[in-house]
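Please open the structure in the viewer and display it as a cartoon. The tour proceeds by selection.

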Amino acid sequence: MVRLQPKPHFITTRSVQIAEQHAELVLRGINPALITGKAGVGKTETLLYLKSKYPASAYLKVTPADKSPLGMIKLVHRQMGYWEQARHHQDVRAAVLAALKDKNGSLANWRGVEPGSQFRFLLLVDEAQNLEPKALKDLLDIAIDSGTALVMAGNLETESLASGKPSGDVLSLYERSQIATRIGCRMTMFPLGLDDMLKIAAKPEFSLDDMDAHKAAARYGEKTSVREMITLLQQAKLLAGDQTTVTINHLREAVIFSKNDPKAIKLLENRAA
């Protein structure tokens, strides 16, 4: 079951605000947007936040099984609520185009969509780096041809593919430019800073004991990633067991448990330590 809401510890960082601005541009008619960044910086949670903000939308995560043009188009069709599918790419593609055009023409009937608040149906595509180049180009074409807003997220390989520049793969410069020119706006999500890490660590779900524990967790996140910090906090809470709060000693235990290296507890310390 695909999760369709951001996690409780989600916070609206500056990067999330910029991603929201990109989504607004796309909804008003700009060609598709691409969000890139290293693993663990919060791309998935940002897309899920956009899903919760715009009711007339669909979120889909591309797996290796969906990477081909046929796999991609069937994924879009399924996530739009259609399970009866034709066998051939062109037939499914035609059905998806028709469905998207229908959704764009009936936004006023969507529950939760206030008049004038959302101008186009929004597709949110996660893990876009898993798409084959032909599938990525087809997805861009479908969005543009149907008048659908599209925001994609992926790692830096996607940005490389969408740059239009030549590389060591078999795509020609023309093929790469065909993808690059279909993307209307781009942004890179950078790792969260210490202040944002502190805000997440302070969430009640993690039950941290005191400010020393908060700062240690935030330093760990700053040196690794927000994803690794969340995993650390969850592990520390499990190690705390029946205790009401998570202490810095629990965090140290969790680091050793996670990294299998006692020296890794330095990740909890100040850089000068």
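The stops below run from the whole protein to the sheet, then to two helices and a single serine.

This is a predicted model, in which local features need pLDDT of at least 70 and side-chain atom pairs count only at pLDDT 80 or more, whereas totals for chains, interfaces and linings use all residues. Residues are numbered from 1 along each chain as its sequence is written, and side-chain values use heavy atoms, with hydrogens and water left out.

**The whole protein**

Begin with everything selected. The protein has 11 helices and five strands; these are DSSP runs, numbered from the N terminus (helices H or I, at least four residues; strands E, at least two). Of its 273 residues, 47% are buried, where buried means under 20% relative accessible area, exposed over 50% and partly exposed in between, with a 1.4 Å probe and protein chains only. Among contacts (heavy atoms within 4.5 Å) between residues at least 6 apart in sequence, 69% join residues at least 24 apart.

**The sheet**

Next, select the five strands, which form an open sheet in the order β2-β3-β4-β1-β5 with parallel pairing. Its edge strands are β2 and β5 (185-188), each pairing on one side only; two strands pair if DSSP finds at least two bridges between them. From one strand to the next, the twist averages 15 degrees.

Zoom in on β2 and β3, which run parallel and are joined by five bridges. Ser 57 has Leu 122 in β3 as its bridge partner.

**Helices on the sheet**

Add helix α1 (residues 14-27), which packs on the sheet and touches β1 (33-36), β3, β4 (149-154) and β5. The direction of α1 makes about 170 degrees with that of β5; axes are lines fitted to C-alpha atoms, for helices over the stretch in contact, and angles run from 0 to 180 degrees between N-to-C directions.

Then select α3, which also packs on the sheet, touching β2 and β3, with its direction at about 135 degrees to that of β2. Which residues of helix α3 (residues 69-79) are buried? They are Gly 71, Met 72, Ile 73, Leu 75, Val 76 and His 77. Their cover includes β2 (57-61), α4 (89-105), β3 (122-126) and α5 (133-146). After α3 comes Gly 81, with a positive phi near 100 degrees.

**Ser 258**

Finally, select Ser 258 in helix α11 (residues 248-259). Ser 258 counts as partly exposed because its relative accessibility is 36%. Leaving aside residues up to four places away in sequence, Ser 258 touches Tyr 220 and Gln 235. Thr 231 is 27 residues from Ser 258 in sequence, and the two are 8.8 Å apart in space, C-alpha to C-alpha.
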